[in-house]
Amino acid sequence: MAAVETANDKALRYAFGNVLCFFILLLIGVLAFSIRLFSVIKYESVIHEFDPYFNYRVTQFLTKNGIYDFWNWFDDRTWYPLGRVIGGTVYPGLTLTAGTLWWILNSLNIPLSVETVCVFTAPIFSAFAAWATYFLTKEVKGTGAGLTAAALLAMVPSYISRSVAGSYDNEAVAIFALIFTFYLYIKTLNTGSLFYATLNAIAYFYMVCSWGGYTFIINLIPMHALLCIVTGRYSPRLYIAYCPLVVLGTLLAALVPVVGFNAVLTSEHFASFLVFIIIHVVALAYYIKGILSPKMFKVAVTLVVTVGVVVCCGVIAVLVALVASSPTKGWSGRSLSLLDPTYASKYIPIIASVSEHQPPTWPSYFMDINVLAFLVPAGIVACFLPLSDASSFVILYIVTSVYFSGVMVRLMLVLAPAACIMSGIALSEAFGVFTRSIKFQLPGVSQSHQIDAEDTGSEPSGGVIGNDIVKTDRHDEPVKERPLRRNKKKDKENIEKASKSSMKSKIEKRLLVLPLETSIIALLLLVLLGAFYVVHCVWAAAEAYSAPSIVLTSHSHDGLHVFDDFREAYAWLSHNTDVDDKVASWWDYGYQTTAMANRTVIVDNNTWNNTHIATVGTAMSSPEKAAWEIFNSLDVKYVLVVFGGLVGYSSDDINKFLWMVRIGGGVFPHIKESDYLRDGQYRIDSQATPTMLNCLMYKLSYYRFADTDGGKAFDKVRRTEIGKKHIRLTHFEEVFTTHHWMVRLYKLKPPKNRIRSKTKKSKSKSSSTTNLKRSGTGKKNPWH
């Protein structure tokens, strides 16, 4: 009876725990969603940054024209005169997700605009990511660690930076897909279920649709499978977890137009195929071992390994032959930048020019993951006690993500879930030790535990868990009816084993008991650490990562100042220029110009054509006349320049000018970076080189700048007076400058009458020049 009552109590406690866990997860989801709404509360419901504007424009097209027109959409408003095939060059996961949400809401008569759905997509999926983190960590170390990790991920600043309301970028849904794919892999690894293996392949397909970072998954999982094989942890569950993912996942990935046959032809995917062959060789060896004698097994293993090595060598030879013709050996530029951090700065300046592709500093780690950086080592140690397939996977995950985040600051986003999982495990284990220590040393609790131990020891079944007790009693009923000596002997042995195991577990728990005062102080310190983490995360969400880049603010002694110059400039372009006019700017502003001004741009943030970007960089780096010829050959009507010298906006085009020179010089050799340097530095003051003072970017940025402060022309970003104050334009005219001078628009002047310009010269020279120009032989190449 006592055993049945104990089983009922434990069943009731288990049900209450499940209900409590459900409500905690619900609160974690609400927290993850609400902490990302500061951008809407403090500013307005608006799309942030640059790339999200392209995603928003594509989503608008999808909801208006349908899925078939979306796949076949040729966008002639970007990369003029080349254009862009949107359906074949975009990761469609984010767009299809937001479009589906919009369709469902409108089907339910909830009339939300496409922009509103796009703004709130990231906060919604951050809640999903927190729940996926719970399930993943629960498979590794239990419910307590899962809840802790989910709460940490809901607030971690690194993830908030990419998932605030309005941050409509691929990472908004990709991080959820990443964590969920890892969860299903570990779930399959723990259960050996083919159902979960199929779901894992589908989740991987969603990740491929969402973000180019899917290559991290298809390399990390093969690394873990190989680690399990090398360390002797191969099992049929590993085979079921890995092989369907490679086969079905690769087939599904090839269906995504932007990936296509790259799923089997690029070097990023070759590791998965190589491990696929190895795991089949190992599986065959284990199968043969089960049906042959030891002597025959040695002969068979030798044969299998020999054939496996030959097949592997043949596959490697084929792969090498496939990629040998590529100068990058089948690797993409970003992948090579991760494997060799110096590669981009040497060979691909367009990748190195992006700020989020730079390596992080130690303060950025403390800013983005805060105290988790100190808890991660403790979590790694806890994963080794004991080491399982699931815990070895998260150890491999944290090690690889730490390396990649150290190479590229953008990949701090991949590190954040791993850091939260490890920190959740560490905090859960620490809380378990400290609370157990307090529990064992409280007077009333310790006595009740002793009584329970005596009762448990006197039970004939000797089970530790309630369910086991009930099962043992059920099996004992027929034994009482047929009291055989063999059964009695077995029961006695089972009782002795159970009592020994229970005593051993009690001794182990007793060894982990700390002094009462130490445990209480440690718990208070952990609570204080958590409070510090919460305060930092709320501050980061409210102040550091909520401000939209398109609307800037600054605080001074006379209050808050709002700089809405970007939308002011795009509105002017939209209302004062023709629909077919082409606008040239540096590639950072291409997406916003197309989405907000609805004008054709020469380059944008897709950066797929380095030569086209180098052409714009060459024009900005050239003298005015040569720049006018380049832009005129591209049918450009307006030039947009971002200038921050008046208000102190540091992300302006003068600070980006060195990349214009480097990218332009990488394609057109007549642009030499040394011509713009004085003592190895870019100078804009009186020490600037003549090439710098006469280039188009300098002139368009500082034109009429001396009129703003009585002739001083002091640049607040570079903190110096400019070298050339009185600038005269001959081929461009200023048409609009925003209120704070942050965006300046210039129009190309029409070409002069060629006949009239030659009247002062002699008739013979005039006629010969006119004939040369008419024949076209005297026309100069605008790029040289």
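The chain has 35 helices and 13 strands. What we have is a predicted model, so please keep that in mind throughout. Of the 784 residues, 47% count as buried. If you take contacts between residues at least 6 apart in sequence, 72% of them join residues at least 24 apart.

I'll begin with the core. The largest nonpolar core has 190 residues. Within this core, the residues with the most contacts are Phe182, Phe566, Phe631, Val639 and Phe732. Helix α23, residues 412–441, supplies the largest share of the core, at 15 residues. There is also a second, separate core of ten residues, with Leu25, Ala32, Ala130 and Ala150 among them. As background, nonpolar side chains in soluble globular proteins tend to be buried together.

To see one part of the larger core, go to phenylalanine 631. What does phenylalanine 631 contact, leaving aside neighbours within four places in sequence? The list is Ala584, Ala619, Met620, Val636, Val639, Leu696, Phe732 and Leu748. Val639 and Phe732 were also named a moment ago, as residues with the most contacts inside the core.

Next, helix packing, and back to α23. Helix α10, residues 171–191, packs on α23 at an angle of about 40°, and the axes are 11 Å apart. The two helices are therefore oblique to each other. Their crossing is right-handed. On the α10 side the contact is made by Glu171, Ile175, Leu178 and Ile179, and on the α23 side by Leu413, Val414 and Pro417.

A second pair is α11, residues 194–210, with α12, residues 214–230. Their axes come within 8 Å and cross at roughly 140°. That makes α11 oblique to α12, because the cut-off for roughly antiparallel is over 145 degrees. The residues that meet are Tyr204, Met207 and Val208 from α11, and Tyr214, Ile217 and Ile218 from α12.

Helix α29 covers residues 590–597. Is it enclosed or open? Six of its eight residues are buried, so α29 is largely enclosed by the rest of the structure. The buried ones are Gly590, Tyr591, Gln592, Thr593, Thr594 and Ala597. They pack against helices α3 and α28 and strands β2, β5 and β6. After α29 comes asparagine 598, with a positive phi near 55°.

Since α3 came up there, look at threonine 59, which sits in that helix, residues 51–65. Threonine 59 counts as buried, at 1% relative accessibility. Not counting residues up to four places away in sequence, threonine 59 touches Thr95, Ala98, Gly99, Val114, Cys118 and Tyr168.

For contrast, take phenylalanine 532 in helix α27, residues 516–544. Phenylalanine 532 is partly exposed, with a relative accessible area of 44%. With the same sequence neighbours left out, phenylalanine 532 touches Phe366, Asn370 and Val371. Asparagine 370 is 162 residues away from phenylalanine 532 in sequence, yet 9.2 Å away in space, C-alpha to C-alpha.

Now the cysteines. How many disulfides does a search of the whole structure find? Zero. Cysteine 420 is in no disulfide, and the nearest cysteine sulfur, in cysteine 537, is 8.4 Å away. Why is there no bond from cysteine 537? Because its closest cysteine sulfur, that of cysteine 420, lies 8.4 Å off, which is too far; the cut-off is 2.5 Å. Cysteine 420 is buried at 0% relative accessible area, and cysteine 537 also counts as buried at 0%.

Last, some backbone details to check on screen. The peptide bond from tyrosine 80 to proline 81 is cis, with omega near 0°. Proline 81 is in the loop between β1 and β2. The bond from leucine 385 to proline 386 is cis too, with omega near -10°. Proline 386 lies in the loop between α21 and α22.

Then there are positive phi values outside glycine. Aspartate 679 has phi near 60° and is in the loop between β8 and β9. Alanine 713 has phi near 55° and is in the loop between α34 and β10. Which of these is buried and which is exposed? Aspartate 679 is exposed, at 73% relative accessible area, whereas alanine 713 counts as buried, at 0%.

Note on methods: Residues are numbered from 1 along each chain as its sequence is written. This is a predicted model: local features need pLDDT of at least 70, side-chain atom pairs count only at pLDDT 80 or more; totals for chains, interfaces and linings use all residues. Side-chain values use heavy atoms; hydrogens and water are left out. Buried means under 20% relative accessible area, exposed over 50%, partly exposed in between (1.4 Å probe, protein chains only). Helices (H or I, at least four residues) and strands (E, at least two) are DSSP runs, numbered from the N terminus. Contact means heavy atoms within 4.5 Å. A nonpolar core is a set of buried Ala, Val, Leu, Ile, Met, Phe, Trp, Tyr and Cys residues joined through side-chain atoms within 4.5 Å. Axes are lines fitted to C-alpha atoms, for helices over the stretch in contact, and angles run from 0 to 180 degrees between N-to-C directions. Angles under 35 degrees count as roughly parallel, over 145 as roughly antiparallel, 65 to 115 as roughly perpendicular and the rest as oblique. A crossing is left-handed if the near helix is turned anticlockwise from the far one by less than a right angle, and right-handed if clockwise.
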